[in-house]
Amino acid sequence: RKAPLPVLLVREHQDHPFRRIVVCIDFSENSRRALEQALHIAAQDRAALSLLHVLRPVSELVDDIGAFAQVASPYPDPDYVSRARKNMEHFIAPYAEQTKEISITIDVVEKVGIDGAITDYLRQSQADLVVMGTRGRTGIRKLLLGTTAERVLRLVPCSALAVKPEGFSYPA
């Protein structure tokens with residue numbers, strides 16, 4: 001948590017180059033830094049790369065809106081999963097030159113618990129490495145309960161690289 005640099009946790013069973021890397025994208029600047037790190041490792045190890053974004057279900061957002069649910073539509077665009085996928089394509093577009101040699105897939109998952117969605121995806125995809133930014137998009141609730149990255153790092157079945165935001169420092 002306090003390290004000012006990216007932290008790589010390598011699982012005991014990881015005795016070969018990474019073959020399948022998953023990078024978690026929340027569209028924050030720090031997830032861009034995580035993507036850059038993942039691209040570098042994927043190119044170095046000739047690994048496949050999956051970009052993962054987790055959406056909360058519409059019903060969950062309606063619960064958050066509460067009394068305003070009748071006034072405000074939670075998703076003006078009914079095709080929000082497709083829209084998220086397009087946003088992912090735009091997010092990676094600046095890296096087109098770097099991605100020519102890398103097999104890349106884009107996945108958008110809809111699930112209530114972001115940390116559970118990520119760990120489930122890692123198990124199903126049999127990922128060797130997950131790369132994610134810390135302190136991406138969080139609110140006060142996340143600060144009190146612990147960040148998504150911290151919860152995921154405790155549960156991941158694979159190695160993990162936690163990427164810190166630029167200029168990160170932890171007060172002593």
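**Notes on strand E6 and helix H3**

1. Five bridges tie strand E5 (residues 129–133) to E6, and these two strands run parallel. Keep in mind as you look around that this is a predicted model. For a handy landmark in this pairing, find Val130, which sits opposite Ala160 in E6.

2. E6 has another partner too: strand E1 (residues 7–9) is joined to E6 by three bridges, this time antiparallel. Here Leu9 is the residue standing opposite Ala160. So Ala160 is a good spot to start from, because Val130 faces it in one pairing and Leu9 faces it in the other.

3. How many of the five residues of E6 are buried? Five of the five, across residues 159–163, so the strand is largely enclosed by the rest of the structure.

4. Side chains in a regular strand alternate between the two faces of the sheet. In E6, Ser159, Leu161 and Val163 lie on one side, with Ala160 and Ala162 on the other. Both faces are covered, as all of these residues are buried.

5. Now over to helix H3, residues 80–92. Its 13 residues should span 18 Å at 1.5 Å a residue, and the end C-alpha atoms are 18 Å apart, so the two agree.

6. Which residues of H3 are buried? They are Tyr80, Ala84, Met88, Phe91 and Ile92. Around the axis they cover an arc of only 120°, which means they share the same side of H3. Turn to the other side of the helix and you will find Lys86 and His90, both exposed.

Terms used: Residues numbered from 1 in each chain as written. Predicted model: local features only at pLDDT ≥ 70, side-chain atom pairs only at ≥ 80, totals over all residues. Heavy atoms only, no water. Helix = DSSP H or I, 4+ residues; strand = E, 2+ residues; numbered from the N terminus. Expected span 1.5 Å × (residues − 1). Buried < 20%, exposed > 50% of the residue type's maximum accessible area, 1.4 Å probe, protein only. Arc of directions from axis to C-beta. Pairing = 2+ DSSP bridges.
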